[in-house]
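Take a look at the structure shown here. The paragraphs below lead you through it, one part at a time.

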Amino acid sequence: MHTHSAPACRSRWACNASAWLVLVGLLLGVVYSASAQKPVHRKAKTRKSVTTKQGICGTVTEKRGNHMPSPDDPRPAGDGQPVVREVLIFPLLNASQVDMGENGFINSVRTAKPVKTVKSDSAGKFCVSLPAGRYTVVVREPKGLYANLSDTQNNIFPVTVKAGQNAPVSVIISHSAVF
């Protein structure tokens, strides 16, 4: 007695296509599960490498427009918007060592060279590691270098870095604002 069973696949292409689909599905499953199981130590390691143990960390924000107080508009003027800017760190600069321009701009730093340059991120944040010491912080604007703070000795945007500490700074770009 001869039994005749129906073929599992009606054509050779259908059998091969089914096998390929199963194989692709398995591969995608393996790739997905491998990417979902990132080791915990990687995140901790990345976070540590970004953290600065000693230096200057801060934010760069820009204020534009009218910030004058007004009885007609009781809303606060705001703290400005975070911006991406190149932040240059110089050894402490005095106004007598540079050629000052108008509105906080520096026309020339003469022979001074920055010790570090970093870019703030989209949230305006930056952090740079530095040895203990005194520094000047400026930002690069389209019109040139900008710093709108000085101390009583005419040191330009002075920041002191102490051993084992980060000096927090808030760089506010306000040359396009009215106060």
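**Strands, core and loops**

In β6, residue E86 finds its bridge partner, K119. Start from that pair. This is a predicted model, so treat each value as computed from it. The strands β3 and β6 run antiparallel, and 4 bridges join them. Strand β6 covers residues 116-119. Now turn to another partner of β3. Strands β3 and β8 pair in the antiparallel sense as well, over 6 bridges. Here P91 stands opposite Y135 in β8. One general point helps when you follow a strand by eye. In a regular strand, side chains alternate between the two faces of the sheet.

Step back to the whole chain. How many helices and strands are there in the chain? There are 2 helices and 11 strands. Read along the sequence, the pattern is α-α-β-β-β-β-β-β-β-β-β-β-β. The helices come before the strands in that pattern. The chain has 179 residues, and 28% of them are buried. Its exposed area is about 12,700 Å². Carbon and sulfur atoms supply 57% of that area. Now consider contacts between residues at least 6 apart in sequence. Of these, 72% join residues at least 24 apart.

Next, look at the core. The largest nonpolar core has 30 residues. Those with the most contacts inside it are I56, V60, I89, V137, F157 and V171. Which elements give two or more residues to this core? They are β1 (55-66), β3 (86-91), β5 (105-108), β7 (125-129), β8 (133-141), β9, β10 and β11 (166-178).

Two of those strands, β1 and β7, also hold the ends of a disulfide. A search of the whole structure finds 1 disulfide. C57 and C127 form it, with their sulfur atoms 1.7 Å apart. The pair links distant parts of the chain: C57 sits in β1 and C127 in β7, 70 residues apart. Are the two cysteines buried or exposed? C57 is buried, because its relative accessible area of 19% falls under the 20% cut-off. C127 has 29%, so it counts as partly exposed.

Now move to the loop between β9 and β10, where F157 is found. F157 has a relative accessibility of 5%, so it counts as buried. Its phi is near 30°, a positive value in a residue other than glycine. Leave out residues up to four places away in sequence, and F157 touches Y135, T136, V137, A147, L149, S150, V169, S170 and V171. Among them, V137 and V171 are also on the list of core residues with the most contacts.

N155 lies in the loop between β9 (144-146) and β10 (158-161) too. N155 counts as buried because its relative accessibility is 9%. A polar contact of 3.2 Å joins its side chain to that of N94. Setting aside neighbours within four places in sequence, N155 is in contact with L92, L93, N94, R134, L149 and S150.

Finish with R110, in the loop between β5 and β6. Its phi is near 55°, again a positive value in a residue other than glycine. Is R110 buried or partly exposed? At 46% relative accessibility, R110 counts as partly exposed.

Key: Residues are numbered from 1 along each chain as its sequence is written. This is a predicted model: local features need pLDDT of at least 70, side-chain atom pairs count only at pLDDT 80 or more; totals for chains, interfaces and linings use all residues. Side-chain values use heavy atoms; hydrogens and water are left out. Buried means under 20% relative accessible area, exposed over 50%, partly exposed in between (1.4 Å probe, protein chains only). A polar contact is a pair of N or O atoms within 3.5 Å; within protein, one must be able to donate a hydrogen and the other to accept it, and residues adjacent in sequence count only if both atoms are side-chain atoms. Contact means heavy atoms within 4.5 Å. A nonpolar core is a set of buried Ala, Val, Leu, Ile, Met, Phe, Trp, Tyr and Cys residues joined through side-chain atoms within 4.5 Å. A disulfide is a pair of cysteine sulfur atoms within 2.5 Å. Two strands pair if DSSP finds at least two bridges between them. Accessible areas come from the Shrake-Rupley method with a 1.4 Å probe; for residues, only the protein chains shown count as cover.
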